[in-house]
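Here's a quick tour of one model, written for someone who'd rather look at strands and contacts than read a long preamble. Have the viewer open as you go.

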Amino acid sequence: MKLLKKDIPIVAAVVLAAAILLLFGRAPANTADEVVIFVDDAEYKRLPYGEPATVVITHPDGGENVIEITENGVYMKSSTCQNQNCIKQGSVTPENAAGRALGGWIICLPNGVSVQLTEGEAK
C-alpha cells in the first residue's frame, strides 16, 4: 500500500493524538486507601493502608488468622489453616497488586478470611 501526499496530514494527526494520549492519558500512580478484611464474606474491619497494625481473627473452632499491615504493604502473618497458601501469597502493595494472580487480595479459603487492598486515586 502506497502512502499518498493527501494521507500524510491524517497519519501525522493520528500519531500526534496517540503521543498526547500516551503522555497525558496515563492513569494516576497506584495508591491505596484502605485494607478491608472479610470473614465468611462479611466485612469484618476497615483500616487505613500504610498505618502499621496487627489484626488477630479468632474463629469459633479455635482457628486464627493474623494480618499485618505495614507502611509498605499488607500480608497474612500467620494462620492455622493446613495448606498455608495465604501465607505464601506474600505481601500486597499498590505497586504489585496489578501483577499478582489475585490482584489486591489475600485469601485464606479454609478459614474464610480475605483481605483486600483497595486502590484509590493519587492525592
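What follows covers a small group of paired strands and then one residue elsewhere in the chain.

First, a caveat: this is a predicted model.

**The sheet**

Start with the overall layout. Three strands make an open sheet, ordered β3-β4-β5, and the pairing is antiparallel. β3 and β5 sit at the edges, each of them pairing on one side only. Going from one strand to the next, the twist averages 20°.

Now the strand between those two edges. β4 covers residues 64-70, and 5 of its 7 residues are buried, so the rest of the structure largely encloses this strand.

On one side, β4 pairs with β3 (residues 53-58) in the antiparallel sense, over 6 bridges. On the other pairing, 6 bridges tie β4 to β5 (residues 73-79), and those two strands run antiparallel as well.

If you want specific residues to click on, here are some bridge partners involving β4:

| Residue | Partner | Strand of the partner |
|---|---|---|
| Ile57 | Asn65 | β4 |
| Val66 | Ser78 | β5 |
| Ile69 | Val74 | β5 |

As a general point, side chains in a regular strand alternate between the two faces of the sheet.

**The turns**

How many residues link β4 to β5 in their hairpin? The answer is 2. The hairpin of β3 and β4 has 5 residues between the strands. Keep an eye on Gly62 in that hairpin, since its phi is positive, near 95°.

**Over to Glu43**

Next, switch to strand β2, which spans residues 42-48 and includes Glu43. Is Glu43 buried, exposed or something in between? Its relative accessibility is 45%, which is why Glu43 counts as partly exposed; the class runs from 20% to 50%.

The side chain of Glu43 has a polar partner: it makes a polar contact with the Arg46 side chain at 2.9 Å. Which residues does Glu43 touch once you set aside its neighbours within four places in sequence? Those contacts are with Val36, Ile37 and Phe38.

There's also a longer-range pairing to check in the viewer. Glu43 and Ser114 are 71 residues apart along the chain, yet their C-alpha atoms are separated by 9.4 Å.

**Wrapping up**

To recap, the picture has two parts: an antiparallel open sheet in the order β3-β4-β5, and Glu43, a partly exposed residue in strand β2 whose side chain makes a polar contact with that of Arg46.

How values were computed: Residues numbered from 1 in each chain as written. Predicted model: local features only at pLDDT ≥ 70, side-chain atom pairs only at ≥ 80, totals over all residues. Heavy atoms only, no water. Helix = DSSP H or I, 4+ residues; strand = E, 2+ residues; numbered from the N terminus. Buried < 20%, exposed > 50% of the residue type's maximum accessible area, 1.4 Å probe, protein only. Contact = heavy atoms within 4.5 Å. Polar contact = N/O pair within 3.5 Å; in protein donor to acceptor, adjacent residues only side chain to side chain. Pairing = 2+ DSSP bridges. Axes fitted to C-alpha atoms, helices over the stretch in contact; angles between N-to-C directions.
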